[in-house]
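User: Could you take a close look at one part of this model for me? I'd like to hear about a single strand and then what sits on the surface elsewhere.

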Amino acid sequence: MAQRNLKRARVGVSGDGEGAGPAVAARSRRHLRLPNYETVALMLQGGGALGAYQAGVFQGLYEAGIEPNWIAGISIGALNTAIIAGNPPERRVERLLQFWETICQPAFGPPLPAPVEHALFNSSEAVRKAFTAAQAMSAIVEGQKGFFVPRFPPPLPTVSGPPQLASYYDTTPLKATLESLCDFDRINSGEIRVSVGAVNCGTGNFAYFDNTHTTLRPEHFIASGALPPGFAAVEIDGQFYWDGGLMSNTPLYEVLQTTPRRDTLAFQVDLWSAIGPVPDNITDVQGRMKDIQYSSRTRLVTDMLQRSQRFRHVLREVLDRVPEEQRDDPWCKLAEDLSCSKRYNVIHLIYRHKEYEGHYKDFQFGLSTMREHWRSGLEDIVRSLEQPDWLDMPQNDAGFVTHDIHRDSR
């Protein structure tokens, strides 16, 4: 049984505005004892600037001594995956912070002095909304440092050219950022299984690039986040790929359906919540559309997987009651292939929309907003790990359980 006395941790990203940026506070690691899960998976959804929430979740896992042996990501989740898997355990949080501090600065102009940004962000609700909207507009006009910059001249709608140039922004800076922050030899070493999802532009098929069968390069991670028409398709081995979020914004299904099946503890970190208020103005309508479009209906997927695993689990129990001399029956052999006694524990961590956020929240790369997203992720995972029995192996007839701190606290 998991240790139950993990204390509520102080958030480790400072937002006091007194320095050039946040700093990872020195925090003790209280290791939790996990049951003998064969796979501990971290699954990271796409969501642009909201991805700092995932960094906070990872910090909480690291401090609890939980080290995933499989990380799967899509879009910004793929970029976080590269940073985590591409660094030794003791440097992962530091590198994540370096990545987010970099891409949350304007591409060309100097950032606002930290005290000024802090004051504007923590002013009245009206000032905060106006300030964050201005930051989102800055991302559109100027781009983000170490991430993307506008193409100049901009592409003309009907003028053909190479697919790598058919976008409004150039992500060349992102390649340099990943190469400076990630050790790709480590990513491909097999120390951690790494999977990132993208869509083949030509076939429309979804593809997972996995280090168990592919040597991963920066292009694989950039392709996973190449959301058109902002970002261009990325060429890999003669094929062109776009952001995996166009088809499926979460790697949940890929991880839980892999064979051979294994006892699995999965942390599913989503950046879009399917549950939200009904919008009453056009701006909120645009934001709510994104929530629904990119939430990937995570709970529907887990409900479906739970039902199918229950059938496999029950079938396994029934087979165990069949006399040995009848096991050669063809139907028994087929049942043997379909049955499964493995157990799955899925802990959902879903970012919750803030009142001040508009439809631009996925491209509003402000340092203060990043810190708040990071804090939210850290708080949610700390609360989740405090819950009694949440890390235990499932003992129900399905061999499958799900938990969500926001759902279960309502």
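Analyst: Here's a walk through strand 2, followed by two surface patches. Keep in mind that this is a predicted model.

Let's start with strand 2, which covers residues 70-74 and is mostly covered, with five of its five residues buried. Its side chains split two ways: W70, A72 and I74 point one way, while I71 and G73 point the other way. Whichever way they point, all of them are buried. As for its neighbour, strand 2 pairs with strand 1 (residues 39-44) in the parallel sense, over four bridges. One residue pair to look up there is M43 and A72, since A72 in strand 2 is the bridge partner of M43. So A72 turns up twice: as a bridge partner, and as one of the buried residues pointing the W70 and I74 way.

Now for the surface. One patch is nonpolar: L112, V116, L120 and V127 form it, and together they have about 260 Å² of accessible area. V127 belongs to helix 5, residues 125-142. With a relative accessible area of 32%, V127 is partly exposed, and because patch members need over 30%, that value lets it qualify on area.

The other patch is negative, and E125, D280, D284 and E355 make it up. E355 sits in the loop between strand 10 (344-350) and helix 13 (367-386). E355 counts as exposed because its relative accessibility is 67%, and the cut-off for exposed is over 50%.

Methods
Residues are numbered from 1 along each chain as its sequence is written. This is a predicted model: local features need pLDDT of at least 70, side-chain atom pairs count only at pLDDT 80 or more; totals for chains, interfaces and linings use all residues. Side-chain values use heavy atoms; hydrogens and water are left out. Patches are made of residues with over 30% relative accessible area and no salt bridge: like charges are joined within 9 Å, nonpolar side chains (Val, Leu, Ile, Met, Phe, Trp, Tyr) within 5 Å. Accessible areas come from the Shrake-Rupley method with a 1.4 Å probe; for residues, only the protein chains shown count as cover. A salt bridge is a side-chain nitrogen of Lys or Arg within 4 Å of a carboxyl oxygen of Asp or Glu. Lys and Arg count as positive and Asp and Glu as negative; His and the chain ends are not counted. The place of a charge is taken as NZ of Lys, CZ of Arg, CG of Asp or CD of Glu. Buried means under 20% relative accessible area, exposed over 50%, partly exposed in between (1.4 Å probe, protein chains only). Two strands pair if DSSP finds at least two bridges between them.
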